[in-house]
Amino acid sequence: MPIQTAKLSDPAVRAFVSALNAHDRDAFRAVLAPDATMTDDGSERDLDDWTAREIFDSNGHMEVEKETAEGRTLVARYRNDTWGEMRTKWSFDVTGGKVTRFETGQA
C-alpha cells in the first residue's frame, strides 16, 4: 500500500514528490537548490534535461512504497509514458530545506 505523499517525513522530499506528481515545474524547481545535481542508475545527468524528459514531458508519477533515512530515501513505483512502470529507489541530500542532490535508479 502506497504512503500518502502528505505523510512523507521530510518536508523537502514531500514537496519534491508533490510537485512531480502534480506536474508542476515551478514548484519542482522551487524545492531544488540552484546548483542541484542528480544521477540516474549511477550516471550523472543534466538535471534540467533529465527532469524534462523523464518527468514532465512523459507524465511521470511516483507512488512511494517505503521511506527510510528520516524520509530521505524512498522506494517507489515510478511510471512515465516512455518506460512504463518500474520499482525505483530515490535518495535525497537536503540542505536548508532544499534538495541539493537526488539519486534515482531501479530498486
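Helices here are DSSP runs of H or I at least four residues long, numbered from the N terminus. With that in hand, a walk through this predicted model can start in a loop.

The loop between helix 1 and helix 2 holds H23. This residue is not a glycine, yet its phi is positive, at about 55°. Since its relative accessibility comes to 35%, and buried would need a value under 20% and exposed one over 50%, H23 counts as partly exposed. A similar story turns up in the loop between helix 3 and strand 3, which is where N59 is found. N59 is another residue other than glycine with a positive phi, near 55°, and at 40% relative accessibility it counts as partly exposed. As background, most residues other than glycine have a negative phi.

Next comes the hairpin. Strand 3, residues 61-68, runs antiparallel to strand 4, residues 73-80, and 7 bridges join the two. T68 has T73 of strand 4 as its bridge partner. Between the strands sit 4 residues, and in this hairpin A69 takes a positive phi near 55°.

Helix 3 spans residues 47-56 and is mostly covered, with 7 of its 10 residues buried. The buried set is made up of L47, W50, T51, A52, E54, I55 and F56, so polar names such as T51 and E54 appear on the list too. At the start of this helix, D46 reaches a side-chain oxygen to within 3.3 Å of the backbone nitrogen of D48.Now to the interior. The largest nonpolar core has 26 residues, and those touching the most other members are F16, M62, L74, W90, F92, V99 and F102. Two or more residues apiece come from helix 1 (11-22), helix 2 (25-31), strand 1 (32-40), helix 3, strand 3, strand 4, strand 5 (84-95) and strand 6 (98-106). Helix 1 gives the largest share of this core, with 6 residues. As for F92, leaving aside residues up to four places away in sequence, its contacts are V13, F16, R72, L74, V99, R101 and F102.

Aromatic rings are the last topic. The structure holds 10 aromatic pairs. In one of them, F16 and W90 have ring centres 6.0 Å apart and planes at 65°, which makes the pair edge-to-face, because an angle over 60 degrees counts as such. F16 belongs to helix 1 and W90 to strand 5, so this pair ties together parts that are 74 residues apart in sequence. Both F16 and W90 are buried.

F28 and F56 form another edge-to-face pair, with ring centres 5.4 Å apart and planes at 80°. Here F28 lies in helix 2 and F56 in helix 3, so the parts tied together are 28 residues apart in sequence. F28 and F56 are both buried. The two pairs also belong to a wider group: F16, F28, W50, F56, Y78, W90, F92 and F102 form one aromatic cluster. Within that cluster, F16, W90, F92 and F102 are also among the core residues that touch the most other members, while W50 and F56 are among the buried residues of helix 3.

Definitions and conventions. Residues numbered from 1 in each chain as written. Predicted model: local features only at pLDDT ≥ 70, side-chain atom pairs only at ≥ 80, totals over all residues. Heavy atoms only, no water. Buried < 20%, exposed > 50% of the residue type's maximum accessible area, 1.4 Å probe, protein only. Polar contact = N/O pair within 3.5 Å; in protein donor to acceptor, adjacent residues only side chain to side chain. Pairing = 2+ DSSP bridges. Core = buried A, V, L, I, M, F, W, Y, C linked by side-chain atoms within 4.5 Å. Contact = heavy atoms within 4.5 Å. Phe/Tyr/Trp six-rings, centres within 6.5 Å; stacked < 30°, edge-to-face > 60°.
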